[in-house]
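Here is my note on the model you asked me to look through, written so that you can follow each point with the structure open beside you. Please read the points in order.

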Amino acid sequence: MSTATARRGPRLGWNILGLLVFVVVGFPVYWMLNTAFKPAKDAIDPDPSLLPTGLTLDNFRRALDIADFWGPVGRSLIVSLSVVLIGMVVGLLAALAISRFAFRGRKVVIVGILAVQMVPLVAMIIPVFLLLNDLGQYDKLTGLIITYLTFILPFTVWTMRGFIVNIPKELEEAAMVDGCSRTGAFVRVVFPLLAPGLVATSVYAFIQAWNEYIYALMLLSQENQTATVWLANFTTKHGTEYAPMMAGATMMAVPIVVLFLLVQRKMAAGLTAGAVKG
């Protein structure tokens, strides 16, 4: 057996395994799209077909007519973009302080960030509800934004810390020797290298805020509901309208897909590859 043949066997096995993982992960998305475009009566067929039996846009029209769609989507965009903007600014500054400066209690802060991420979100619903009610932020988008930041910020700080630590300090020191201040060295040298990390972390924060359901359901009234809660309108006392629900889920997935397509090139590894030679 030749060396090429010996190598082809394991490679073929890994390719088959990768294909199986892709099928398992991608099938729910395919089924959502298939159900969204098929006639409503076919969506509840006890013997469904894996291939589309007919294409229709009636489910999308039904999804838009059953309840206000653009209002919840607009509120979700406001909340998600606000969380991303605030989380990136505060998280980056906190990660920079933890990574580049030595101060008393630094290890305690790092351990605290990890500990916060271990707390289940469901366990904090009642305390968060009572706190926001006392602060007058119940049923307000600002209250929901503050709540989302409690679990987005720890991840942001920890992730950005990893990116900053991987950037050699020698780059900043060289820039400061050339006349840059510490702030100038960060803006001109470190910040451009952090761009892929910022984009990847921002996408995660946006997806988390966009898809969150429990807090949006508990902390907002029907008039101020977000897009994820809006999907609950398809479940009534008469049953669930699966085809329009899948059409609504498809429309909700569009912003995430567009965002990923716009920034996919930035979500690459190797932040400092080639930055330091020798």
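The points below go from the whole chain to its aromatic rings, then to a cavity and a single residue.

1. Please keep in mind throughout that this is a predicted model. The protein chain has 12 helices and 2 strands, and if you follow the elements from the N terminus on, their order is α-α-α-α-α-α-α-α-α-α-α-β-β-α. The radius of gyration of the protein chain is 24 Å, whereas the globule rule gives 19 Å for 278 residues, so the chain is more spread out than a compact globule.

2. The overall dimensions can be given in another way, since the C-alpha atoms of the protein chain fill a box of roughly 75 × 70 × 30 Å when this is taken along the principal axes. Of the 278 residues in the protein chain, 35% are buried.

3. Turning to the aromatic residues, a search of the whole structure finds 11 aromatic pairs. One of these is formed by Phe-27 and Tyr-30, whose rings are 6.3 Å apart from centre to centre with 45° between the planes, and this pair is tilted. Both Phe-27 and Tyr-30 lie in helix α1, which covers residues 3-37, and they are 3 residues apart, about one turn of the helix. Are these two residues buried or exposed? Neither word fits, because Phe-27 has 38% relative accessibility and counts as partly exposed, and Tyr-30, at 32% relative accessibility, counts as partly exposed too.

4. A second pair, Phe-206 and Trp-210, has ring centres 5.9 Å apart and planes at 15°, and the pair is therefore stacked; the angle is what matters for this step, because planes under 30 degrees apart count as stacked. Phe-206 and Trp-210 both lie in helix α9, where they are 4 residues apart, about one turn of the helix. Phe-206 is buried, and Trp-210 is buried as well.

5. It is worth going back to the tilted pair, for Phe-27 and Tyr-30 form one aromatic cluster together with Trp-31. Which charged end sits over the ring of Trp-31? It is that of Lys-38, which sits 4.8 Å from the centre of the ring.

6. The next point concerns empty space inside the model, where the count comes to 1 cavity of 30 Å³ or more, and about 30 Å³ of space lies in the largest cavity. The residues that line the largest cavity are Ser-76, Val-79, Ser-80, Tyr-148, Ala-209, Trp-210, Glu-212, Thr-226 and Thr-228. The elements that give two or more residues to this lining are α4 (70-100) and α9 (182-211), and the largest share, 3 residues, comes from α4. By class, the lining has 4 nonpolar, 4 polar and 1 charged residues. You will have met Trp-210 already, as the ring that pairs with Phe-206, and here Trp-210 is among the residues that line the largest cavity.

7. Finally, please look at Leu-144, whose place is in helix α7, residues 141-165. Leu-144 counts as buried because its relative accessibility is 0%, and the cut-off for buried is under 20%. If you compare the sequence with the fold, Leu-144 and Gly-87 are 57 residues apart in sequence, while in space they are 14 Å apart, C-alpha to C-alpha.

Conventions:
Residues numbered from 1 in each chain as written. Predicted model: local features only at pLDDT ≥ 70, side-chain atom pairs only at ≥ 80, totals over all residues. Heavy atoms only, no water. 1 Å grid on protein atoms, 1.4 Å probe; cavity = no way out; pocket = protein on both sides within 12 Å on 5 of 7 lines; lining within 4 Å. Points joined across faces, edges and corners; volume = space filled by probe spheres on them. Nonpolar A, V, L, I, M, F, W, Y, C, P; charged D, E, K, R; others polar. Phe/Tyr/Trp six-rings, centres within 6.5 Å; stacked < 30°, edge-to-face > 60°. Buried < 20%, exposed > 50% of the residue type's maximum accessible area, 1.4 Å probe, protein only. Lys NZ or Arg CZ within 6 Å of the ring centre and 35° of its normal. Rg over C-alpha atoms; globule rule 2.2 N^0.38 Å.
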